[in-house]
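Work through the exercises below with the sequence and the model side by side, and try each task before reading its solution.

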Amino acid sequence: MTLARFVLVALVLAPLVGPAPAAAQAFLASRAHGGLAVTPLFIVATLESDAADVPVEVLFSLIVPADRSALDFEQDLYLLWPGEIVGAEPGGGIALPADVAAQVTVIARGRLRLQAQRHYESPADPEVLAGGADFVSVVRTGGPMGLSPAATYVRIPWSPRLTNQAWLMSVQFTARGLVKPKPTTWLGQLVSGSRSTLALGFNDVGSPAMFSMYYWQRDNVLPVVSPARLVANFALADRLAVDAMFPPAARREPSPSRPSTDVVSLFLAPAEGLTPQVLRVEFGYFSRLQSWGPILVPALFFALGNAAAALVRGFAERLHRQLAGWLQLGRRRASATGVDTGTVIPRDRLAEIVPGETTYEDVLRLCGTEREEREDLAQPRRKTLVYRGRRDVPHRRWAWSWLAAVSHWDIERHEVEIVVDDGVVQNLHVRVDRARSPHA
């Protein structure tokens, strides 16, 4: 993942355009360590979507020691950015020393907008510096790592505004590939939208192209003094979802000057040398429909769950009936005991019912209370008890241990009528209808 990091590097113009005497080289090197420092520093990325190319603005100023004059430090400054710049104006670019040019391949040249704006006031228009800031973008193609990420080298011409703490110099450009898409499932993208990662950093020269541009001028690196801050402005905050921020010191807050904008920022900690510091934000923009996801998704799963439960239950019942018609568990014999529904009275119990002796209470005890009663209005003391039931009797084709295959089922419909007069049984009728089931 390409990180937007940069190093402000101070070096004299003479070594770039041609050889210089040794004494001059030593002097210029001492000027780079003569107390000149960058402060304040703001690296600001502005996002309105998850597009890969992001507008970036670098705001900075220089501070000189109290016992020195700014005229002693008059020189061009250079900005080293780890990435390619797109959409810039055409320009002459920068001539690199021969030994550096032999290590890299130039992929772009151009000119950036360079302006100065007041630090403590808000003028209507910034002061645009004529000539802008030339740049050159390079890559390294050789070596075991193959093609390296791009590095861009920007020249910032000297201006008295650089050392005036009431002013901030501003370099504006569009960084290619600053936002990287984060892999996600199609369901996650449908429900919550796509996810991306923004990485904005400082002082990282680890890539081959960056290191090549840094190494030949490593003694001229300018230190950065607090305050220094990495800033990411996210527009359309009402549709913004921030999943994670790194490091833990990063914070998110509403923008005090831009409506509907959230600011994620990190204050750079003081460090010796080139210590990389990175602000990483995992985020995504969702549509208005996707904003209802926390409500619609549970409701959808609830409805689908109920519908699926009904379908599964119906399928299971049909499957059970079908399997019950083919297979049966029981002891091994040709025919097994049937399945009763309703009240089926065994023959031995019917034999205990004796007309003229068995009472109404005895019938309920022997046959149960689930019955149908009929009364004759012409004979109030006479009633008829009707017991109805169904027995499904399986006929087995083969049996192995407790498992048997059923060849067919017989359906028996049992109906028993018991006539009771004055509390005593007078008559008993039993009817059994048998038929073969058409579904087994």
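**Exercise 1.** Determine how strands β12 and β17 pair, and place them in their sheet.

*Solution.* Strand β12 (residues 195–202) and strand β17 (residues 277–285) pair in the antiparallel sense over seven bridges, where pairing requires that DSSP finds at least two bridges between two strands and strands are DSSP runs (E, at least two residues) numbered from the N terminus. Within this pairing, L200 has L279 of β17 as its bridge partner. Next, the open sheet has four strands in the order β11-β12-β17-β14, with antiparallel pairing. Its edge strands, each pairing on one side only, are β11 (179–182) and β14 (240–246).

This is a predicted model, in which local features need pLDDT of at least 70 and side-chain atom pairs count only at pLDDT 80 or more, while totals for chains, interfaces and linings use all residues. Residues are numbered from 1 along each chain as its sequence is written, and side-chain values use heavy atoms, with hydrogens and water left out.

**Exercise 2.** Work out how the buried and exposed residues are arranged on helix α8.

*Solution.* Start with helix α8 (residues 360–367; helices are DSSP runs of H or I, at least four residues), in which Y360, V363, L366 and C367 are buried (under 20% relative accessible area, with exposed meaning over 50% and partly exposed in between, using a 1.4 Å probe and protein chains only). Seen down the axis of α8, these buried residues fall within an arc of 125° (taken from the directions from the helix axis to the C-beta atoms), so they line one face of the helix. The face turned away from that buried side carries the exposed residues E361 and R365. Finally, α8 is followed by G368, whose phi is positive, near 100°.
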